[in-house]
Amino acid sequence: MDLQGKVAVVTGSGRGLGLAYARALAAAGASVVVNDVDADVVDEAVGTITAAGGRATGVVAAVGDSEAAEQLTEAAVREFGRLDVLVTNAGILRDRVLWKMTDDDFDSVVKVHLRGTFTCARAAAVRMREQGEGGRLILISSPAGQRGNFGQTNYAAAKAGIVAMARTWAMELGRAGITVNAVVPVAATEMTRTIPAFAPAIEEAERTGTPLPDWLRKDEGLGTVEDVAGLITFLASDGAKDVTGQAIGIGGDRLALWAHPKEGAVAFADGGWSADAIGERWHDGVGAEPETYGIPAPTAPGA
Ligand SMILES: NC(=O)c1ccc[n+]([C@@H]2O[C@H](COP(=O)([O-])OP(=O)(O)OC[C@H]3O[C@@H](n4cnc5c(N)ncnc54)[C@H](O)[C@@H]3O)[C@@H](O)[C@H]2O)c1
């Protein structure tokens, strides 16, 4: 993959998956704007990328408000002359069950993930449309947004909204040659290492320097952050110019196309459905095989 001459912004790229994306894009030849809230990790990330022969600059800003989004687009243009790729990756968690979730838990997660994706994508789309040469918006979603997840009202809502925005923007930006896709990653990071079913295997792999076991890499699609980065580089490349409006899962040894939500069972009643008619026919009709909900709990073999 050759991204020479392209300029990318990756939000939340001081550590974790974002850092892996920034490093992979730079290794493929792109100039990268690294962003995070923490100046130390931004400096360190820029340092590692440049030490490896890549081009990078850093912007310390909290993604969410329009000002941060403008700052990122401006840095790309000021330092490298243009903007071709935006990866909206910055994220936080404030997990709590619904009845304990505070307004602040909800708002802060929605602000970084959903509003941050919106404001950054809007600023990037304005710039890419001015350039007139297309572009790439790569929005980071999550399995929680596709399925719902216990304790993640705020996060699941934001991540589902991100996929809906990707599908909307793929329609709106198609004529400008700007592709928009949602990536649904899974990787061992600070965010996932606390999941009880994953923790022992992640600790073991880190201690022994061995890969995660096959059941995690294949069944759960859990691997390293580098396992996810290849998809970001591919989507940024010319080879993906016709890939848009998709939600693509990646992690460990697994690459998957998430289905677009569509109607399952359908039934008709002439003149419409009364409550009684639905009640009479629900359990043997469209409700006979209800959909599952929630991310299935991972279980280690033999557990
Ligand atoms: N790790 C996984 O398995 C997984 C699964 C699904 C989705 N994701 C998503 O991938 C993204 C990265 O996750 P990660 O596991 O690398 O997490 P992480 O916590 O390791 O990294 C997230 C980074 O974003 C930064 N950040 C937080 N708020 C910010 C803000 N307002 N502006 C700029 N930067 C900010 C953090 O400082 C941190 O460096 C997130 O959007 C996350 O929801 C991760």
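A salt bridge is taken here as a side-chain nitrogen of Lys or Arg lying within 4 Å of a carboxyl oxygen of Asp or Glu. In this predicted model, Asp214, Arg217, Lys218, Asp227 and Asp253 are linked in a network of such bridges, and the count of salt bridges comes to 15. A ligand is also present, with 28 residues surrounding it, and the surface carries a nonpolar patch that includes Trp273 and Val286.

**Salt bridges**

- Within the network, the side chains of Asp227 and Arg217 meet in a salt bridge with an N to O distance of 2.8 Å; this pair links distant parts of the chain, since Asp227 belongs to helix H9 (residues 225–236) and Arg217 to helix H8 (residues 214–219), 10 residues apart.
- Asp227 is partly exposed, with a relative accessible area of 21%, whereas Arg217, at 14% relative accessibility, counts as buried because the cut-off for buried is under 20%.
- Lys111 forms a salt bridge with Asp65, in which the closest N and O atoms are 3.5 Å apart; Lys111 lies in helix H4 and Asp65 in the loop between strand E3 (55–60) and helix H3 (66–80), so the pair ties together parts that are 46 residues apart in sequence.
- Lys111 is partly exposed at a relative accessible area of 36%, and Asp65 is likewise partly exposed, at 30%.
- A salt bridge also joins the side chains of Arg193 and Glu190 (3.5 Å, N to O); here Arg193 counts as partly exposed at 26% relative accessibility, while Glu190 counts as exposed at 59%.

**Ligand surroundings**

- The closest of the residues around the ligand are Leu17, Asp36, Asn89, Tyr155 and Thr189, and by class the shell has 15 nonpolar, 10 polar and 3 charged residues.
- An oxygen atom of the ligand lies 2.8 Å from a polar backbone atom of Leu17, a polar side-chain atom of Tyr155 is 2.5 Å from an oxygen atom of the ligand, and an N or O atom in the side chain of Thr189 is 2.5 Å from a ligand oxygen atom.
- Of the 830 Å² of accessible area that the ligand has on its own, the protein covers 93%.
- Helix H1 (16–27), strand E2 (31–36), helix H4 (103–131) and helix H6 (153–173) are the elements that give two or more residues to this shell.

**Nonpolar surface patch**

- Trp273, Ile278, Trp282 and Val286 form a nonpolar patch on the surface, and together they have about 330 Å² of accessible area.
- Val286 is placed in the segment after helix H10 (275–281) and is partly exposed, with a relative accessible area of 31%.

Key:
Residues numbered from 1 in each chain as written. Predicted model: local features only at pLDDT ≥ 70, side-chain atom pairs only at ≥ 80, totals over all residues. Heavy atoms only, no water. Near = heavy atom within 4 Å. Polar contact = N/O pair within 3.5 Å; in protein donor to acceptor, adjacent residues only side chain to side chain. Areas by Shrake-Rupley, 256 points an atom, 1.4 Å probe, with all protein chains shown as cover. Helix = DSSP H or I, 4+ residues; strand = E, 2+ residues; numbered from the N terminus. Nonpolar A, V, L, I, M, F, W, Y, C, P; charged D, E, K, R; others polar. Patch = residues over 30% accessible without salt bridge, like charges linked within 9 Å, V, L, I, M, F, W, Y side chains within 5 Å. Buried < 20%, exposed > 50% of the residue type's maximum accessible area, 1.4 Å probe, protein only.
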